[in-house]
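Me: Could you take a close look at the charged pairs in this one, and then follow them into whatever they sit next to? I'd like one connected walk-through.

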Amino acid sequence: MAAIAATAVYVIYHPRPPSFSVPSLRIGRVNLTTSSSDASVSHLSSFFNFTLLSENPNSHLTFSYEPFAVTVISAKSGETLANGTVEGFFSGNKNKTTFRGVVATSTAARELDPEEARRLKADLARGRVGLEVEMRTKVKMQMGKVKSEGVEIKVTCGTFEGTVPKGKVPTVATSKRSKCKSDLSVKVWKWSF
């Protein structure tokens, strides 16, 4: 009965997944340093900030998100450049939510293994560096009294390209498409009544 009811709800309301986009990304700092006393020891210090937009296109469907774990990675090697978080939030019907100044960082205390440092050094040696923003969270969906179980989702935004700043003035990374990819599919969720 539950499966039949869930199918009926889906047919009637045609639920659509939420959309995410990152319209702006700034590179504040990316410093890769090697220890003067031990050439095999490298440290990474970085700072990024960006704007995240979330949109719920549905009239009868709401989303409840847990906090997002944010990772900024090098698009070429896949190495992690910075980490951050976005607070959890509720997205109501036909809702648009904006988070400005989302920060992702890596402190100078982060020590890299030699191979990781080698790959990052090669990435940063180019004139422009490619970046991707990955976010992971759990979300629950509700239509009236019908609720879904919490589901883990991954959102990938990019590829951005930008230059590493030489001073204290941030540089702007650009992308041909600001809309992110999400692995969320409302068709496969489990429902409870």
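Reply: Let's start with Lys154, which forms a salt bridge with Glu134, the closest N and O atoms being 3.8 Å apart. This pair ties together distant parts of the chain, since Lys154 belongs to strand 10 (residues 151-162) and Glu134 to strand 8, 20 residues apart. Keep in mind that this is a predicted model. The two partners fall on opposite sides of a cut-off: buried means under 20% relative accessible area. Glu134, at 19%, therefore counts as buried, while Lys154, at 25%, counts as partly exposed.

There's also a network to unpick: Glu79, Glu115, Arg118 and Arg119 are joined by salt bridges that share partners. The structure holds five salt bridges, and two of them are worth walking through here. As background, side chains of opposite charge can pair when their charged atoms come close.

Take Glu79 and Arg119, whose side chains meet in a salt bridge at 2.4 Å, N to O. Here again the link is between distant parts of the chain: Glu79 sits in the loop between strand 4 (68-74) and strand 5 (80-86), Arg119 sits in helix 2 (residues 114-125), and the two are 40 residues apart. Glu79 counts as buried, with 10% relative accessibility, whereas Arg119 is partly exposed at 30%.

Arg118 and Glu115 pair up too, their side chains meeting in a salt bridge of 2.4 Å, N to O. This one stays inside a single element: both residues lie in helix 2, three residues apart, or about one turn of the helix. Neither end is hidden from solvent by the cut-offs in use, because Arg118 has a relative accessible area of 48% and is partly exposed, and Glu115, at 36%, is partly exposed as well.

Now back to strand 8, where we met Glu134. What does the nonpolar side look like? The largest nonpolar core has 39 residues, and the members touching the most others are Phe48 and Leu131. Strand 8 (residues 129-143) is the biggest contributor to this core, giving seven residues. In soluble globular proteins, nonpolar side chains tend to be buried together.

Phe48 is a good place to see how the chain comes together. Setting aside neighbours within four places in sequence, Phe48 is in contact with Leu25, Arg26, Ile27, Gly28 and Val30, then with Val72, Leu81 and Ala82, then with Val102, Val103 and Ala104, and also with Leu131. That fits the wider picture: among contacts between residues at least 6 apart in sequence, 72% join residues at least 24 apart.

Next, the aromatics. A search of the whole structure turns up seven aromatic pairs. One of them is Tyr65 with Phe68, a tilted pair with 5.5 Å centre to centre and 40 degrees between the planes. Both rings belong to buried residues: Tyr65 has a relative accessible area of 5% and Phe68 has 2%. The two are also part of one aromatic cluster made up of Phe20, Phe63, Tyr65, Phe68, Phe89 and Phe99.

That cluster leads us to Ser54, in strand 2 (residues 42-55). Not counting residues up to four places away in sequence, Ser54 touches the cluster members Phe20, Tyr65 and Phe89, along with Ser19, Asn95, Lys96 and Thr97. Ser54 is buried, since its relative accessible area is 3%.

Glu55 also lies in strand 2, but at 33% relative accessibility Glu55 is partly exposed. With residues up to four places away left out, Glu55 touches Pro18, Ser19, Asn95 and Lys96, and Ser19, Asn95 and Lys96 appear on the Ser54 list as well. For a sense of spacing, the C-alpha atoms of Glu55 and Pro17 are 9.2 Å apart, although their positions lie 38 residues apart along the chain count.

Zooming out, the protein chain has two helices and 13 strands. Of its 193 residues, 40% count as buried. The accessible surface comes to about 10,600 Å², with 52% of that belonging to carbon and sulfur atoms.

Methods. Residues are numbered from 1 along each chain as its sequence is written. This is a predicted model: local features need pLDDT of at least 70, side-chain atom pairs count only at pLDDT 80 or more; totals for chains, interfaces and linings use all residues. Side-chain values use heavy atoms; hydrogens and water are left out. A nonpolar core is a set of buried Ala, Val, Leu, Ile, Met, Phe, Trp, Tyr and Cys residues joined through side-chain atoms within 4.5 Å. Buried means under 20% relative accessible area, exposed over 50%, partly exposed in between (1.4 Å probe, protein chains only). Helices (H or I, at least four residues) and strands (E, at least two) are DSSP runs, numbered from the N terminus. Contact means heavy atoms within 4.5 Å. Rings of Phe, Tyr and Trp (its six-membered ring) pair if their centres lie within 6.5 Å; planes under 30 degrees apart count as stacked, over 60 as edge-to-face and the rest as tilted. Accessible areas come from the Shrake-Rupley method with a 1.4 Å probe; for residues, only the protein chains shown count as cover. A salt bridge is a side-chain nitrogen of Lys or Arg within 4 Å of a carboxyl oxygen of Asp or Glu.
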